[in-house]
Amino acid sequence: MVHGFISSWRRVFSETKCSLRRGQFGRPRCFSLVAHKAELDKNNVDSVPKLPPFDYSPPPYTGPSAVDILSKRKEYLSPSMFYFYQKPLNVVDGRMQYLFDENGRRYLDAFGGIATLSCGHCHPDVVDAIVNQTKRLQHSTILYLNNAIADFAEALANKLPGNLKVVFFTNSGTEANELAMMIARLYTGCHDIISLRNAYHGNAAGTMGATAQSNWKFNVIQSGVHHAINPDPYRGVFGSEGEKYAKDVQDLIQFGTSGNIAGFISEAIQGVGGIIELAPGYMPAVYSTIKKAGGLCIADEVQAGFARTGSHFWGFENHGVVPDIVTMAKGIGNGIPLGAVVTTPEIAEVLTRRSYFNTFGGNPVCTAAGLAVLKVIEKEKLQENAHVVGSHLKERLTALKDKYDLIGDVRGRGLMLGVELVTDHKLKTPAKLETLHIMEQLKEIGVLVGKGGFYGNVFRMTPPLCFTKEDADFLVDAMDYTMGKIKNDLQVFHDMFELSTT
């Protein structure tokens, strides 16, 4: 895997086009692009959007530099750990929706630690809950009683519909999905599970099988999972006609299984897959089909849960369905390692057939943080804020789509939004290099966004739920500014390539 991202069109040009002809035409033409960019930057410097004011300045940082950290990371950490940006960001401080680097520079965090910061960085109520619990009791075991785990389980169950009230705590979303799939198989006595193409559910043994992107799958044994056609309104074969996609699930059951299955697992909005909101009408039709085949319906709420979609607390509620099992992580703890599986008392009973244990699942510090998160979301009306600010942000991004042909689609809901870049609207050709370039330029202005989708051409916007309209406007203004410049960069890029071929 290539580490880091391309930071300028000089490098993009030299690596994609100019390098093919360097021996024939030499290098000077590449550098003329840099000169042209410098002139453009000089002319536009006064119009660079400015960060909204924020009443916090971090204390001076005295730790190792980004260069030193990167050197240690390369020597001592797994080479599989990739990073954003050509010059990786050394984040040393955070407050609410903002992050600060080693030089004290402030950045708007529109990625939220991959949809994890529900309340905001270092929210005082969550920090106090963590510190107070740590001072009193950091860890014992669930073999003893402790009120933190019981109080949080009760509060969490009260946020779910129907009879979903039995909680099993884990440390991550991958663990939660692994457990949910095992429960479904134990309860039904069947092994086959249906997932969606383009899905991401984790990277352990079972969840890697349910994940359906080659980017995230190793060549190891992955059995018993069938991947249905993805109900993607933008790239899917049936557009927004959810019930047509749902028929593929019935076909998979009839022609790929014994006719009875363990379950169906899906996100309401695919996060890693590029913020894909499933086509309307799909979930109710599929849930009905799964029930008839004796399976359980698993809702993966690792990214879409905890008020992120704004209109509802859980992503599945937007589709009018009630699952048999709900998995969650990320936003549940505002950055604390915490996940959970919630199901009915009847289904939960299957785990008593043997001993199933998790040493750190339900740790008092983690569950104290989780309870504080729920209280903050309610007290500060973060679900309502996600709806109001998210709707405003999506409206502005949609207007930007009308302005730039580079934007192929704007989608999602609440503060879980995606912007897909393409070089051809009809063919939907992924604009991979443009995505990298814009991402780099946004960082230079002070905006951090995520990147996802199978082709790596979708901006993922999943900020802390305390995001404001001013933050949303700054984010869009920064994109507008950057994309306005890239139009000129692209033209120069095209002209230079044409000259090099004459």
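K443 is buried, its relative accessible area being 7%. In this predicted model, K443 pairs with E444 in a salt bridge whose closest N and O atoms are 3.8 Å apart. The partner, E444, is partly exposed at a relative accessible area of 45%. Salt bridges with shared partners also link R235, D409, R411 and E420 into one network. In total, the structure holds 13 salt bridges.

Two further pairs are worth a look. Side chains of opposite charge can pair when their charged atoms come close. R95 and D93 provide one example, with their side chains meeting at 3.3 Å from N to O. Here D93 counts as buried because its relative accessibility is 14%, below the 20% cut-off, whereas R95, at 27%, counts as partly exposed. The other example is K403 with D480, where the closest N and O atoms lie 3.0 Å apart. K403 belongs to helix α13 (residues 382-403) and D480 to helix α15 (residues 469-500), so this salt bridge ties together parts that are 77 residues apart in sequence.

Turning to the strands, a convenient place to begin is β7. Strand β7 spans residues 263-267, and five of its five residues are buried. Cover is found on both faces: G263, I265 and E267 are buried on one side, and F264 and S266 are buried on the other. Strands of a sheet pair through backbone hydrogen bonds, either parallel or antiparallel. Strand β5 (residues 193-196) pairs with β7 in the parallel sense, over two bridges, and I193 stands opposite G263 of β7. Strand β10 (residues 296-300) also runs parallel to β7, and five bridges join the two. Within that pairing, F264 stands opposite C297 of β10.

Shortly after β7 in the chain comes strand β8 (residues 269-270), which contains Q270. With a relative accessibility of 1%, Q270 counts as buried because this value is under 20%. Leaving aside residues up to four places away in sequence, Q270 touches L196, R197, N198, A199, N230, I275, I276 and L278. The C-alpha atom of Q270 is separated by 8.3 Å from that of A304, a residue 34 places away along the chain.

A separate description applies to the open sheet of four strands, which has the order β1-β2-β3-β16 and mixed pairing. Strands β1 (91-95) and β16 (447-448) stand at its edges; each has a single partner strand, so one side of each is left without a neighbour in the sheet. For β16, strand β3 (residues 106-109) runs parallel, with two bridges joining the pair. L448 in β16 is the bridge partner of D109.

Two helices complete the picture. Helix α9 (residues 242-256) comprises 15 residues and reaches 21 Å from its first C-alpha to its last, close to the 21 Å expected at 1.5 Å a residue. Its buried residues include G242, Y245, A246, D248, V249, L252 and I253. These cover an arc of only 140° around the axis, which puts them on the same side of α9. On the other side of α9, by contrast, E243, K247 and F255 are exposed. What covers the buried residues of the helix? Among the elements that do so are β5, β6 (225-228) and α10 (282-292). Strand β5 thus appears in two settings, as a parallel partner of β7 and as part of the cover over α9.

Helix α12 (residues 364-379) can be compared with its expected length in a similar way. At 1.5 Å a residue, its 16 residues should span 22 Å, and the end C-alpha atoms are 22 Å apart, which agrees. Helix α12 is mostly covered, with 13 of its 16 residues buried. At the N-terminal end of α12, N363 acts as a cap: a side-chain oxygen of N363 lies 2.8 Å from the backbone nitrogen of V365. Just after the helix, K381 takes a positive phi of about 50°.

Technical notes. Residues are numbered from 1 along each chain as its sequence is written. This is a predicted model: local features need pLDDT of at least 70, side-chain atom pairs count only at pLDDT 80 or more; totals for chains, interfaces and linings use all residues. Side-chain values use heavy atoms; hydrogens and water are left out. Buried means under 20% relative accessible area, exposed over 50%, partly exposed in between (1.4 Å probe, protein chains only). Two strands pair if DSSP finds at least two bridges between them. Contact means heavy atoms within 4.5 Å. The expected span of a helix is 1.5 Å times one less than its number of residues. A polar contact is a pair of N or O atoms within 3.5 Å; within protein, one must be able to donate a hydrogen and the other to accept it, and residues adjacent in sequence count only if both atoms are side-chain atoms. The arc is that of the directions from the helix axis to the C-beta atoms. A salt bridge is a side-chain nitrogen of Lys or Arg within 4 Å of a carboxyl oxygen of Asp or Glu.
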